Amino acid sequence: MTTKLIFSTIAFLYSFTLLAQKEDSIAIKKIADEVMTNGTAYENLRYLCKKVGPRLSGSPNAQKAVEATARMLKEAGADTVYLQPCMVPHWVRGEKEKGYIQLANGTKHDLKLTSLGNSIGTGKKGVSASVIEVKSFAELDALGSKVIKGKIVFLNFPMNPTYIETFRAYGESGIARWAGPSQAAKYGAIATMVRSMASNPDDYPHTGVMSYNDSFPKIPAVAISTNDAIWLSKQLKLKMSLTASIQNNSAMLPDAPSFNVVGEIRGTEFPNEYITVGGHLDSWDLAEGANDDGSGCVQSIEVLRAFKASGTRPKRTIRAVMFMNEENGGKGGDKYLELAQKNNEKHVFALESDEGGFTPRGFSFDVKDDQFQKLLQWKELFNDYGVYFFRKGGSGADIGSLNKVGAGLSGLSPDSQRYFDIHHAVTDVFENVSRRELHLGAVNMTALIYLVDKYGL
Ligand SMILES: [Zn+2]
């Protein structure tokens, strides 16, 4: 090839790239204008929060949410909508959970507490004992059964405020909630109180899943508010002699039948290649699950609607999936993977939104290096819509294993500063979601899916 030819080829490719970028930027603007003007995610979220409400796996409300989102997917213009049956754990909170601290001087301090998901109950009698505070598992191990036996263990693992990415702090401190109760039971504790996983001090107990290690006795586990945890830690530091009393009536019932909800737009060129976009439909029972994860569900439905309404016909089949049971079992995600494997489906990409409906900031990716390089070339197209980082590491709990069927994985990363104010607490309500922020998330999700669909990965 002559030098001249090389130069003209490079010039041609460069102008072709510029042209393609221009074309993509116009297409994304069209999608964005449609979603920001006519988006229905916010109204769908209102319905899910106010007409359905809390929707813990196995509950009648979870079934209502299945029916409601199937209807929303049809209204969004999905070519087909169907349900994937799956069995889910059925945990119930029971009534009248309460607790207090009795100080030696006679003062009684009522605790703002709530049972942790999957915990057994104390029964009507409740439990009372003196309290031992620990700030790490190493501390617990050092104390051993000599000190712990017969006590209520207070697991005080504050979220690290120096981590600007709050999910990192959650990942680190969350171990107190997930594994703490069994760790304490190992040394003979009779119950555990866990400091709520909240970034700011507040008066709300934040629930969340815990799981028992079968090698040790099952003991009741509750979360107390961060303000109560701070107060209690102070009393213990003053060497106050005190006892805690806890009563809760939660229980695990037999598994219950439920569903994932799936809506599809059939691809025009490669209908047997799948791109999944989803959120989880179940929520904790304390609140409306607006940010966790009603937002991700209605944004995923909006992705389908945006394709339809902006007249963008995908080459590949786009599936919006409402996963059931992310919070306390992950059975919906397991079922989706199982069916994808059984049906030999070719999955190109999967995107989950499960970090709240706040202003989008970026995407995380779990993809191969060459795929990541390709994705990085598109990053600039997102600048106008508030997304400024593409980084490797992490996607979403429901889609995390879809790499087994070939999918590159991604998660939407909204601003995380306020997420753990509302996470798994009574404050996770519709009023704490902004229409514009929610819809802007859907814009970026649709744009990413548009590009992956157009160019492959
Ligand atoms: Zn969630």
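Me: What is the site of the zinc ion like, judged by the angles among its four donor atoms?

Reply: Start with the rule: four donors are tetrahedral if all angles lie between 85 and 135 degrees, four are square planar and six octahedral if opposite donors are over 155 degrees apart and all others between 65 and 115, and anything else is irregular. Here the angles among the four donor atoms run from 51 to 147°, and the site is irregular. One caution is that this is a predicted model, where local features need pLDDT of at least 70, side-chain atom pairs count only at pLDDT 80 or more, and totals for chains, interfaces and linings use all residues. Residues are numbered from 1 along each chain as its sequence is written, and side-chain values use heavy atoms, with hydrogens and water left out.

Me: Which residues coordinate the zinc ion?

Reply: A donor is an N, O or S atom within 2.8 Å of the metal (3.2 Å for Na, K and Ca); water is not among the atoms, so sites may look incomplete. The zinc ion has His-280 (NE2), Asp-292 (OD) and Asp-354 (OD), the last listed twice, at 1.9 to 2.8 Å. Their spacing along the chain is H-x11-D-x61-D. His-280 belongs to strand β11 (residues 270–280) and Asp-292 to helix α8 (residues 290–309), so this pair ties together parts twelve residues apart in sequence.

Me: How many helices and strands does the protein have?

Reply: Helices (H or I, at least four residues) and strands (E, at least two) are DSSP runs, numbered from the N terminus. The protein has twelve helices and 16 strands.

Me: Are His-280 and Asp-292 buried or exposed?

Reply: Buried means under 20% relative accessible area, exposed over 50%, and partly exposed in between (1.4 Å probe, protein chains only). Both His-280 and Asp-292 are buried. Across the protein, buried residues make up 57% of the 457 residues.

Me: Where is His-439 found?

Reply: His-439 sits in helix α12 (residues 435–455). Its relative accessibility is 1%, so His-439 counts as buried. Contact means heavy atoms within 4.5 Å. Leaving aside residues up to four places away in sequence, His-439 touches Val-35, Met-36, Gly-39, Thr-40, Ala-41 and Tyr-42.

Me: How many residues does the largest nonpolar core have?

Reply: A nonpolar core is a set of buried Ala, Val, Leu, Ile, Met, Phe, Trp, Tyr and Cys residues joined through side-chain atoms within 4.5 Å. The largest has 68 residues, and Leu-281, Phe-363, Phe-365, Phe-382 and Leu-448 have the most contacts inside it. Helix α12 gives the most to this core, with eleven residues. A second, separate core of 30 residues includes Val-134, Ala-184, Met-210 and Phe-358.
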